[in-house]
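Thanks for sharing this one. Below are some notes to read alongside the structure, arranged point by point.

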Amino acid sequence: MGQSWPRDRYEKMADAVAKLYVKALKDMPPDVRIALDKAVQRETVPVGKTILGTIQRNIGAADREDLLICQDTGTPVYFVQMGEYCNANPVAIERAIRQGTEEATASHPLRSSVVSPITRQNNQTNTGYRVPVIHWEFIEDRDDVEIVVVPKGSGSENMTYFRMLLPADGVKGIKRFVVESVIGSGGNPCPPVIVGVGIGGSSDLCMLLAKKAIIRPCGEANPDPEVAHLETDLLQAINASGLGPMGLGGINTALAVHVEHAATHISQNPVAVNIQCWAARRGRLIIDADDNFVLGF
Ligand code: SF4
């Protein structure tokens with residue numbers, strides 16, 4: 001176990017999180033750019049091709065003019081991985097994440113999309129009670145901290161689904177639920193989308209797995225061959241629907257389907273769907289044991 005982190009490292013972290021949040025809102029990850037390029041090349045329906053071209057021009061304009069990719073700054077969701085040999089203080093990390101989110105919102109300035117669910121009051125910070133959402137994982141054999149931010153746009157987050165299927169429904173029932181959920185969402189989540197699917201666990205873990213699935217680089221297969229096969233089947237079934245870009249027709253409804261799974265109870269078969277829009281924004285900050293701060297995707 002190394003030395004405890006010095007206090008000024010958390011201040012530096014808050015500044016880095018502010019940069020991370022703005023970068024995620026402005027700079028599309030390369031894997032999503034490649035997936036969109038491939039989608040526009042293979043699209044056969046003229047209206048679908050036109051929409052994909054417009055999406056690409058939108059991304060180009062954001063690059064050239066240093067603008068946000070989409071006006072919806074979303075709900076800030078962070079996934080933090082902390083190595084078992086990292087001697088940081090998780091409470092101080094949470095404080096730095098909140099501070100960085102607020103700093104970015106005030107200094108950019110960014111639209112604040114976060115309100116109280118009761119009064120609908122917006123304190124213009126993009127934070128609030130229990131927000132930003134922060135999910136933790138503790139990782140063996142590492143000594144760094146990795147923070148992934150997903151500014152989760154509302155059009156896609158509103159299209160979130162969960163069902164406790166019966167074990168007898170099997171994988172067939174899971175497939176039907178996922179495909180019907182995506183098709184039933186129509187153009188609301190701004191297709192072409194990345195479909196995050198959680199299978200198994202308890203109801204809360206299943207929902208978290210579906211959200212975790214959308215942060216995987218677009219199109220990267222699950223390492224388990226059986227799960228990867230399910231991802232391919234689901235992608236084909238969704239794209240065969242003809243829903244297409246923005247729900248106006250085409251063969252590109254989804255850019256990818258990512259499945260994350262966990263063991264579950266003998267009498268349960270939980271499945272969750274969390275959809276990510278074409279503006280699949282994501283940013284990654286790694287802070288290593290030598291005090292290097294590395295921003296990426
Ligand atoms: S769903 Fe995504 S692309 Fe659509 S408005 Fe919201 S953030 Fe923008």
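1. A good place to start is the pairing of strand E5 with E6. This is a predicted model, and in it E5, covering residues 193–200, runs parallel to E6, with eight bridges joining the two. If you would like one pair to look up, glycine 200 has alanine 262 of E6 as its bridge partner.

2. These two strands belong to an open sheet of four, in the order E4-E7-E5-E6, and the pairing is mixed. Strand E4 (160–165) and strand E6 (254–262) each have a single partner strand and stand at the edges, so one side of each is left without a neighbour in the sheet. From one strand to the next, the twist averages 15°.

3. Next, the helices around this sheet. Helix H6 (residues 170–184) packs on the sheet, where it touches E4, E5 and strand E7 (269–276). The direction of H6 makes about 30° with that of E7. Helix H7, residues 203–213, lies across E4, E5, E6 and E7, and runs at about 150° to E5.

4. Do have a look at the surface by Phe162. Together with Met164 and Met207, Phe162 makes a nonpolar surface patch of about 240 Å². Phenylalanine 162 sits in strand E4. Its relative accessibility is 30%, and because the partly exposed class covers values from 20% to 50%, phenylalanine 162 counts as partly exposed.

5. Two peptide bonds deserve a check against your own view of the backbone. The bond from valine 131 to proline 132 is cis, with omega near 15°; proline 132 lies in the loop between helix H4 (90–107) and strand E2 (133–139). A cis peptide bond also joins proline 191 and proline 192, where omega is about 15°. Proline 192 is placed in the loop between H6 and E5.

6. The loop between H4 and E2 has further backbone details. Arginine 120 lies in this loop and has a phi near 65°, a positive value in a residue other than glycine. With a relative accessible area of 56%, arginine 120 is exposed, because the cut-off for that class is over 50%. Arginine 130 is found in the loop between H4 and E2 as well, and its phi is positive, about 65°, although it is not a glycine. Arginine 130 counts as exposed at 66% relative accessibility.

7. Which residues form the hairpin pairing, and how do the strands run? Strand E8 (residues 283–287) and strand E9 (residues 293–296) pair in the antiparallel sense, over four bridges. One of the pairs to look for is arginine 284 with glycine 296, its bridge partner in E9. The hairpin of E8 and E9 has five residues between the strands, and aspartate 291 there takes a positive phi near 75°.

8. Finally, a word on the start of the chain. Glutamine 3 is placed in the segment before helix H1 (7–26) and counts as exposed, at 74% relative accessibility. How far apart are glutamine 3 and alanine 88 in sequence and in space? They are 85 residues apart in sequence, and the C-alpha to C-alpha separation is 8.8 Å.

Notes: Residues numbered from 1 in each chain as written. Predicted model: local features only at pLDDT ≥ 70, side-chain atom pairs only at ≥ 80, totals over all residues. Heavy atoms only, no water. Pairing = 2+ DSSP bridges. Axes fitted to C-alpha atoms, helices over the stretch in contact; angles between N-to-C directions. Contact = heavy atoms within 4.5 Å. Patch = residues over 30% accessible without salt bridge, like charges linked within 9 Å, V, L, I, M, F, W, Y side chains within 5 Å. Areas by Shrake-Rupley, 256 points an atom, 1.4 Å probe, with all protein chains shown as cover. Salt bridge = Lys/Arg side-chain N within 4 Å of Asp/Glu carboxyl O. Buried < 20%, exposed > 50% of the residue type's maximum accessible area, 1.4 Å probe, protein only.
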